[in-house]
Amino acid sequence: MISGYQTQLTPELQDIALKLADVARAAGLDFFDTIFELVDYKQLNEIAAYGGFPTRYPHWRWGMEYERLSKSYTYGLSIIYEMVINNDPCFAYLLRANDLVYQKTVIAHVYGHCDFFKNNYWFSKTNRKMLNQMANNAAAVRNLIDDIGHDDVETFIDVCLSLENLIDIHSPFKANPKPKHDEADHVRQKDPPKIRAKTYMDSYINPSEFLEFQKKKQHEETLKVKAFPENPERDVLKFLLDHAPMPSWEKRILQIIRDESYYFAPQAQTKILNEGWATFWHSKMMTKLAPLAESEIIDYCDHFAGVVASSSGSLNPYKLGVELLRHVERRWDRGQFGLEYLDCDDPKKRAEWNKETGLGHKKLLEVRRIHNDITFLDEFLDEDFCHQSKMFIYDFDRRNNRYVISGRDFKEIKKRLLHQLTNFGQPIIKVIDGNFRNRGELLLRHDHESTDL
């Protein structure tokens, strides 16, 4: 229930949701129980402003996002048809104003997302009870506001949000570091330098007190030059939590921001594959597995054309994702893989290649299980797909004051696309000195990989 309104599905929609769930599972999808709620556009905008959750901690940015979404809907610039939360059980919100064809399509689309959330490796480390965690976080921040004061808490949240993307998106999948031993255990000491002397004079020229003094001095020098941190630290938020002198309430807020950043990270890492997967399955269910009635086909095609439409200046993840998945299915169904196929240089022979292996469905389930956007595109976006999809590079032409096509080279297209997706297209920042010039300041380094600050 949201804001006291009735949000349960109508009996007709409930029946459709149950039937489509059976169809999806019969096709090989495996998802958590999914709870659908029916909301109007104002309620959906509220939920979308909160990042898909019914409640979040109080902050002015949620209101700003709600205003943006509301104006976009009012002026017909965009509309949200559905929203689904990675949780167990999954929660999905349907727009009450959608007609029946849209509702069927959206329900099928949601099951695709839920299957992806449950089975994709990059979501495996996320909190499956995040709906409850978000409510707990909201309550914790409200309690801090009562204790500390609204202005102080909100100002500190502003600071944390300016750093929320400075995390290491791969850290959840790294092995826990080995516990560090005392400095004396893991810093190997060299023998202190000795004054050259003959054996019978050594104890007089290099007395034990002198050697002990030299050893202590050497140890102090070793500690002095030891870096802090020892290696560049990409998770800036964790470094601050571990080492920054902050009161407990500030650490609590920073921990909340960091936890939520890691929860949302896989969604940014798999935007193309996730949306492509859901679109692939809603398309298959609406046309083959649970086909729509003849009277509904035109409305469905009109809706689908809008979903996969391309616009200048932006990449449509739905279109790229679903078309590349279909390309993968077609290749593995026809046996277009392996050294023999890859070594074939004849375009006509490659196009006609068909060993009828029928492995497309199995390969798709493997892709859904292990890949994110970068690995998906890196492995399967080949030159054949690039030419078939008429992909190209465009740049801004200062002479004509507009964007124009600047190249169609496959390698350059793929390289630019992968660079665009690396670290969500954001700069990579690392802590290289946690006590810069002994002033308690951080020295950060920008690892430049084609992305400017």
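Is F32 buried or exposed? At 12% relative accessibility, F32 counts as buried, because buried means under 20% relative accessible area. Please bear in mind, colleagues, that the structure shown above is a predicted model.

Let me stay with F32 for a moment. This residue sits in the loop that links α1 (11-26) and β1 (34-39). Apart from neighbours within four places in sequence, F32 is in contact with R25, N87, D88, P89, C90, K118 and R128. One of these partners, D88, is 56 residues away along the chain, yet the C-alpha atoms of F32 and D88 are separated by 6.0 Å.

I now turn to the surface, beginning with charge. A patch of negative charge is formed there by E340, D343, D345, D346 and E352. Within this group, D343 is placed in the loop between α15 (339-342) and α16 (347-352). D343 has a relative accessibility of 57% and therefore counts as exposed, since exposed means over 50%.

The surface also carries a nonpolar patch, made up of F392, Y394, F396, Y403 and I405. Together, these residues have about 500 Å² of accessible area. Two or more residues of the nonpolar patch come from each of the elements β4 (393-397) and β5 (402-407). I405 belongs to strand β5. With a relative accessible area of 44%, I405 is partly exposed, because that term covers values between the limits for buried and exposed.

To close, we have met a buried residue, F32, an exposed one, D343, and a partly exposed one, I405.

Methods:
Residues numbered from 1 in each chain as written. Predicted model: local features only at pLDDT ≥ 70, side-chain atom pairs only at ≥ 80, totals over all residues. Heavy atoms only, no water. Patch = residues over 30% accessible without salt bridge, like charges linked within 9 Å, V, L, I, M, F, W, Y side chains within 5 Å. Areas by Shrake-Rupley, 256 points an atom, 1.4 Å probe, with all protein chains shown as cover. Salt bridge = Lys/Arg side-chain N within 4 Å of Asp/Glu carboxyl O. Lys, Arg positive; Asp, Glu negative; His and termini not counted. Charge placed at Lys NZ, Arg CZ, Asp CG, Glu CD. Helix = DSSP H or I, 4+ residues; strand = E, 2+ residues; numbered from the N terminus. Buried < 20%, exposed > 50% of the residue type's maximum accessible area, 1.4 Å probe, protein only. Contact = heavy atoms within 4.5 Å.
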